[in-house]
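Good morning, colleagues. I should like to walk you through one structure, beginning with its aromatic rings and then turning to the DNA strands.

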Amino acid sequence: MESSKGYFSKVYRIVSTIPPGKVATYGQIAALLGDARGARTVGWALHCNPFPGLVPCHRVVNQRGELSGGFAFGGQERQRSLLEREGVSFLPDGRVDLKRHLWRPGG
DNA sequence: GGACTGACACTGG
DNA sequence: ACCAGTGCCAGTC
């Protein structure tokens with residue numbers, strides 16, 4: 001974990017702290033890292049996600065509640081299925097209801 | 001050291 | 001609320 005890429009490891013750690021049934025935005029994770037402007041780097045770190053299963057990247061969505069592309073876990077449907085199984089609700093638009101499932105650190 | 005890339009966020013219209 | 005443009009950061013070539 002604590003490899004040369006400390007930044008990445010931090011991302012994986014924070015993402016792994018996201019409880020089931022909740023979703024966090026890249027900006028939120030970046031803010032926890034201390035770099036609210038590093039939202040892009042966070043997404044990239046998840047792309048490099050060397051530990052799928054250990055890092056629930058499927059719980060990480062963008063500010064709009066949209067899931068990642070179709071290359072994440074084998075398709076958006078795969079990601080959506082995982083979230084639905086955890087109790088996450090989806091809007092008719094296919095987006096996550098951040099109003100109900102937005103992860104609140106400390107809350 | 002410089003340039004390009006990438007699963008984003010913010011601001012303005 | 002949405003779309004388009006801009007800025008940020010770390011990693012790789």
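How many aromatic pairs does the structure hold? The structure holds two. Before the details, a word on conventions: this is a predicted model, in which local features need pLDDT of at least 70 and side-chain atom pairs count only at pLDDT 80 or more, while totals for chains, interfaces and linings use all residues. Residues are numbered from 1 along each chain as its sequence is written, chains are lettered from A and ligands numbered from 1 in the order in which they are written, and side-chain values use heavy atoms, with hydrogens and water left out.

By aromatic pair I mean rings of Phe, Tyr and Trp (its six-membered ring) whose centres lie within 6.5 Å; planes under 30 degrees apart count as stacked, over 60 as edge-to-face and the rest as tilted. Phe8 and Tyr12 have ring centres 6.3 Å apart and planes at 90°, so this pair is edge-to-face. Both residues belong to helix H1, residues 6-16, and are four residues apart, about one turn of the helix. Helices here are DSSP runs of H or I with at least four residues, numbered from the N terminus.

The other pair joins Phe8 to Trp44: the ring centres are 5.9 Å apart and the planes stand at 75°, so the pair is edge-to-face. Phe8 lies in helix H1 and Trp44 in helix H3, residues 39-47, so the pair ties together parts that are 36 residues apart in sequence. Ring pairs thus link Phe8, Tyr12 and Trp44 into a cluster.

Is each member buried or exposed? Buried means under 20% relative accessible area, exposed over 50%, and partly exposed in between, using a 1.4 Å probe and protein chains only. Phe8 is buried, with a relative accessible area of 12%, and Tyr12 is buried as well. Trp44, at 55% relative accessibility, counts as exposed.

Let me turn to DNA strand C. A residue is near a strand if one of its heavy atoms lies within 4 Å of it. The residues around DNA strand C include Phe8 and Trp44 from the ring cluster, together with Lys5, Arg37, Thr41 and Arg95. H3 provides the largest share of this surface, three residues. By class, the surface has three nonpolar, two polar and five charged residues. Of the strand's atoms within 4 Å of the protein, 62% belong to sugar or phosphate and the rest to bases.

Which atoms of DNA strand C does Thr41 approach? A polar side-chain atom of Thr41 lies 2.6 Å from a base oxygen. Arg95 has a side-chain N or O atom 3.2 Å from a phosphate oxygen of that strand.

Finally, DNA strand B. Here 14 residues surround the strand, the closest being Arg40, Leu46, His47, Gln63 and Ser68. H3 gives the most to this surface, with six residues. The classes are five nonpolar, eight polar and one charged. For DNA strand B, 35% of the atoms within 4 Å of the protein belong to sugar or phosphate, and the rest to bases.

Two contacts reach the bases of DNA strand B: a polar backbone atom of His47 is 3.0 Å from a base nitrogen, and a polar side-chain atom of Ser68 lies 2.6 Å from a base nitrogen. On the backbone of the strand, a phosphate oxygen lies 3.4 Å from a backbone N or O atom of Gly27.

Key:
Helix = DSSP H or I, 4+ residues; strand = E, 2+ residues; numbered from the N terminus. Polar contact = N/O pair within 3.5 Å; in protein donor to acceptor, adjacent residues only side chain to side chain. Nonpolar A, V, L, I, M, F, W, Y, C, P; charged D, E, K, R; others polar.
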